[in-house]
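User: Can you walk me through this protein? I'm new to reading structures, so I'd like to go one small step at a time.

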Amino acid sequence: MLRFILHTIAACLLLAACTSEEPQTFTPQKEKTVLMYIIADNSLSQYSMRDVNRIKENLGNNIDNANFLIMIDREGDTPELLCLHKDKDGDIMESIVARFEEQNIADMDFLKSTLEEVKKRFPADKYSLDIWSHGMSWIPDNIPFYAPDSKWIGQDGNNYLNIDLLADAIEQSGMRFDYILFDACLMSSIETLYELRNAADRIIASPIEIWSYSFPYERIADMMCDSENRAADIAGQYAAYYDGESEYRTGAVTVIDCAGLETLAAEAAKLFEGTAVKAEDIMTADIQRYDRYTYEIMYDMKEYYVQAAEICGKDIAPFLEQLDKTIVYRYSTDRFANIIIDTDNTCGIGTYIPVAGYSLWNDYYATLDWFKAVSRLPFI
């Protein structure tokens, strides 16, 4: 297998064939290309190859019609792009497609170039993306605060990828995914989902933290390669694992239909038209909270907007109807660590309720598409 050392991602990726000793420029068109983007140059490094191995051990016949690519960067190692494929005996093999100098793969330009090259070198009818790392919803980088184990979106050493830059990288690459799977904490937030509404048909994410065991790849590896959109089935396997068979028995997952997000934003905006919500009117103690941090990050969107509609004297029914259409699948255990979750009244999508004192957060929050679309979000 030929291995190439690349000095910059800006240079064209030199890709070696996944099934040949000789380098090829392109692979044949397939039904599906899966890209698993593992940003593990952080405290999760020890778990990254465990998940790669779980996938290798449980790929089935769907890999015959798919490319399964893994971009991985671990502590003490340099980034590599891997390809999983069957050998002549039907065993799953791992080939190194490309190696890179040590660099930050939680970088918009690196990600964009990777996506462009994957699309060009591994063409397929459909594409899926699995982002595996720490996650912190929409919260921007370089704004310190206390948190149990730092969890941001895509941590590579001391570098992080903001959600708006993730969306920009995908848009500029020209790719669209049948689903994006976030194997990262706290990514089922309306701010994150709305920012990525044009990047995928569906998004799989959790409103709470994800245990280090992550998604049960031994159950979903072959589903990920299916030409059909198996987002709801993948989420269902996550729910089944954490519901009863895991020693942790705690988890939550939501699947969102991105096609409904703009209509949802329009209905949310109507709730605030011609009204002003006073800070003292927002009773956050009565709204489900999903995070465990000192600063408030994630409240349940449904419970928040129900309360806001009541304060504003608006009919919440159209919003709830659209929310129900937008959520394809939702599951949660009744607790996570010390958090009790009201599974009957919550929706599995979180939201930030702006706090006037969080000025650095709020300046960035005001640049996000959800804030712009809803426009009259109150500050407490």
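User: Which helix does lysine 325 lie in?
Analyst: Keep in mind that this is a predicted model. Find residues 317-326, which make up one helix. Lysine 325 falls in that stretch, so look for the helix labelled α9.

User: Is lysine 325 buried or exposed?
Analyst: To count as exposed, a residue needs over 50% relative accessible area. Lysine 325 has 53% relative accessibility, so the label is exposed.

User: How far apart in space are lysine 325 and isoleucine 256?
Analyst: Along the sequence, these two are 69 residues apart. In space, going from C-alpha to C-alpha, the distance is 9.1 Å.

User: Where do the buried residues of α9 sit around the helix?
Analyst: The buried ones are Phe319, Gln322, Leu323 and Thr326. Looking down the axis of α9, they fall within an arc of 105°. On the other side, Asp324 and Lys325 are exposed. The buried residues therefore line one face of the helix.

User: What covers the buried residues of α9?
Analyst: Two strands are part of the cover: β9, residues 252-257, and β11, residues 327-332. Two helices are part of it as well. So the cover includes β9, β11, α7 and α8.

User: At what angle do the axes of α7 and α8 cross?
Analyst: Two packed helices are described by the angle between their axes and the distance between the axes. Here α7 covers residues 261-272 and α8 covers residues 301-312. Their axes come within 8 Å and cross at roughly 35°.

User: How many nonpolar residues does the contact of α7 with α8 have?
Analyst: From α7 come Leu264, Ala268, Leu271 and Phe272, and they meet Met301, Tyr304, Tyr305, Ala308, Ala309 and Cys312 in α8. Sorted by class, this contact has no polar and no charged residues, and the nonpolar count is 10.

User: Moving on to salt bridges, how close do glutamate 80 and arginine 99 get?
Analyst: Glutamate 80 is in strand β4 and arginine 99 is in strand β5, so the pair links distant parts of the chain, 19 residues apart. Glutamate 80 is buried at 10% relative accessible area, while arginine 99 is partly exposed at 25%. Their closest N and O atoms are 2.8 Å apart.

User: Why are glutamate 116 and lysine 112 separated by about one helical turn?
Analyst: These two form a salt bridge, with the closest N and O atoms 3.3 Å apart. Glutamate 116 is partly exposed at 30%, whereas lysine 112 is buried at 17%. They are about one helical turn apart because both sit in helix α2, with a spacing of 4 residues.

User: Are glutamate 117 and arginine 121 buried or exposed?
Analyst: Their side chains meet in a salt bridge at 3.0 Å, N to O. They are also 4 residues apart in helix α2, which means about one helical turn. As for accessibility, both are buried.

User: How many salt bridges does the count come to?
Analyst: The rule asks for a side-chain nitrogen of Lys or Arg within 4 Å of a carboxyl oxygen of Asp or Glu. One network of salt bridges links Arg50, Asp51, Arg54 and Glu218. By this rule, the count comes to 20.

User: Zooming out, what percentage of the residues in the protein is buried?
Analyst: The protein has 11 helices and 14 strands. It has 380 residues, and a residue counts as buried at under 20% relative accessible area. The buried share is 58%.

How values were computed. Residues are numbered from 1 along each chain as its sequence is written. This is a predicted model: local features need pLDDT of at least 70, side-chain atom pairs count only at pLDDT 80 or more; totals for chains, interfaces and linings use all residues. Side-chain values use heavy atoms; hydrogens and water are left out. Buried means under 20% relative accessible area, exposed over 50%, partly exposed in between (1.4 Å probe, protein chains only). Axes are lines fitted to C-alpha atoms, for helices over the stretch in contact, and angles run from 0 to 180 degrees between N-to-C directions. Contact means heavy atoms within 4.5 Å. Ala, Val, Leu, Ile, Met, Phe, Trp, Tyr, Cys and Pro count as nonpolar, Asp, Glu, Lys and Arg as charged, and the others, Gly among them, as polar. The arc is that of the directions from the helix axis to the C-beta atoms.
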